[in-house]
Amino acid sequence: MNIYPTIVILEDDIFFGKLLKNFLVNQEFKNVHLFHEEEECIKAITNEPTILVIDHHLMHSTGFETIKRIKEINPSVQFIYLSGQTTS
């Protein structure tokens, strides 16, 4: 039995994605996977991921659109929604 949650990060900013993944690994999370594009992430999603950290502005869609698609595959996945957008 695996006691560590699987964490999937979907972040199109390569630097920030690696920074976030390294932070989580340094906090001793064992199953951390990083994706930069929605489609590669969706293809990798099974019933396994328990937590998905997702950006709002992605390469081909928004985080909300991608969440809807992932919920069809795995309705029990939990999300942490990130956005560094500023208002103008």
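This is a short tour of a predicted model, stop by stop, with something to select at each one.

**Stop 1: the sheet**

Start by showing the strands. You should find an open sheet of four strands, in the order β2-β1-β3-β4, paired in the parallel sense. Now colour β2 (31–35) and β4 (78–82): these two stand at the edges. Each has a single partner strand, so one side of each is left without a neighbour in the sheet. Try turning the view to look at how the strands sit against each other: ignoring direction, neighbours in this sheet are turned by 15° on average.

**Stop 2: β1 and β3**

Next, select residues 6–10, which form β1, and residues 51–55, which form β3. How many bridges join β1 and β3? There are four, and the pairing is parallel. To look at one partnership, pick Leu-10 and then Ile-54 in β3, which is its bridge partner.

Stay with β3 for a moment. Is this strand mostly enclosed or mostly open? Four of its five residues are buried, so β3 is largely enclosed by the rest of the structure.

On to β4. Strands β3 and β4 are joined by five bridges, again in the parallel sense. Select Asp-55 and you'll see Leu-82 of β4 standing opposite. Then trace the chain from β3 through α3 to β4: this β-α-β crossover is right-handed.

**Stop 3: helices across the sheet**

Bring the helices back into view. Select residues 14–26 for α1, a helix that lies across β1, β2, β3 and β4. Compare its direction with that of β2, and you'll find α1 running at about 180° to that strand. Now select residues 63–73 for α3, which lies across β1, β3 and β4. Helix α3 runs at about 170° to β4.

While α1 is showing, click on Asn-22, which is found in that helix. Asn-22 is partly exposed, with a relative accessible area of 46%. If you'd like to try your distance tool, go from Asn-22 to Tyr-81: they are 59 residues apart in sequence and 18 Å apart in space, C-alpha to C-alpha.

**Stop 4: the nonpolar cores**

Time to look inside. Select Val-8, Leu-10, Phe-35, Cys-41, Ile-42, Ile-45, Leu-52, Ile-54, Leu-58, Ile-67, Ile-70 and Val-77 and show their side chains: these twelve residues make up the largest nonpolar core. Which elements give two or more residues to this core? They are β1, α2, β3 and α3.

There is also a second, separate core of seven residues, and Ile-7, Leu-20, Leu-24 and Leu-34 are among them. Give that group another colour.

Back in the largest core, zoom in on Ile-54. Setting aside its neighbours within four places in sequence, Ile-54 is in contact with a list of residues including Leu-10, Gly-63, Thr-66 and Ile-67. From the β4 stretch of the chain, look for Phe-79, Ile-80, Tyr-81 and Leu-82, which Ile-54 also contacts.

**Stop 5: a salt bridge**

Side chains of opposite charge can pair when their charged atoms come close. The count of salt bridges here comes to one. To find it, select Glu-39 and Arg-69, whose side chains meet at 2.6 Å, N to O. Glu-39 lies in helix α2 and Arg-69 in helix α3, so the pair ties together parts that are 30 residues apart in sequence. Glu-39 is partly exposed at 38% relative accessibility, and Arg-69 is partly exposed with a relative accessible area of 38%.

**Stop 6: two loop residues**

Finish with the loops. Select Glu-37, in the loop between β2 and α2 (38–44). This residue is partly exposed, with a relative accessible area of 34%. Leaving out residues up to four places away in sequence, Glu-37 touches Leu-10, Met-59 and His-60. From Glu-37 to Asp-13, the gap is 24 residues in sequence and 9.9 Å in space, C-alpha to C-alpha.

For the last pick, go to Glu-28, in the loop between α1 and β2. Is Glu-28 buried or exposed? It's exposed, with a relative accessible area of 56%. Check its backbone too. Most residues other than glycine have a negative phi. Glu-28 has a positive value, near 75°.

Definitions and conventions: Residues are numbered from 1 along each chain as its sequence is written. This is a predicted model: local features need pLDDT of at least 70, side-chain atom pairs count only at pLDDT 80 or more; totals for chains, interfaces and linings use all residues. Side-chain values use heavy atoms; hydrogens and water are left out. Two strands pair if DSSP finds at least two bridges between them. Axes are lines fitted to C-alpha atoms, for helices over the stretch in contact, and angles run from 0 to 180 degrees between N-to-C directions. Contact means heavy atoms within 4.5 Å. Buried means under 20% relative accessible area, exposed over 50%, partly exposed in between (1.4 Å probe, protein chains only). A nonpolar core is a set of buried Ala, Val, Leu, Ile, Met, Phe, Trp, Tyr and Cys residues joined through side-chain atoms within 4.5 Å. A salt bridge is a side-chain nitrogen of Lys or Arg within 4 Å of a carboxyl oxygen of Asp or Glu. A crossover is right-handed if, with the strands pointing away from the viewer, the path from the first strand over the helix to the second runs clockwise.
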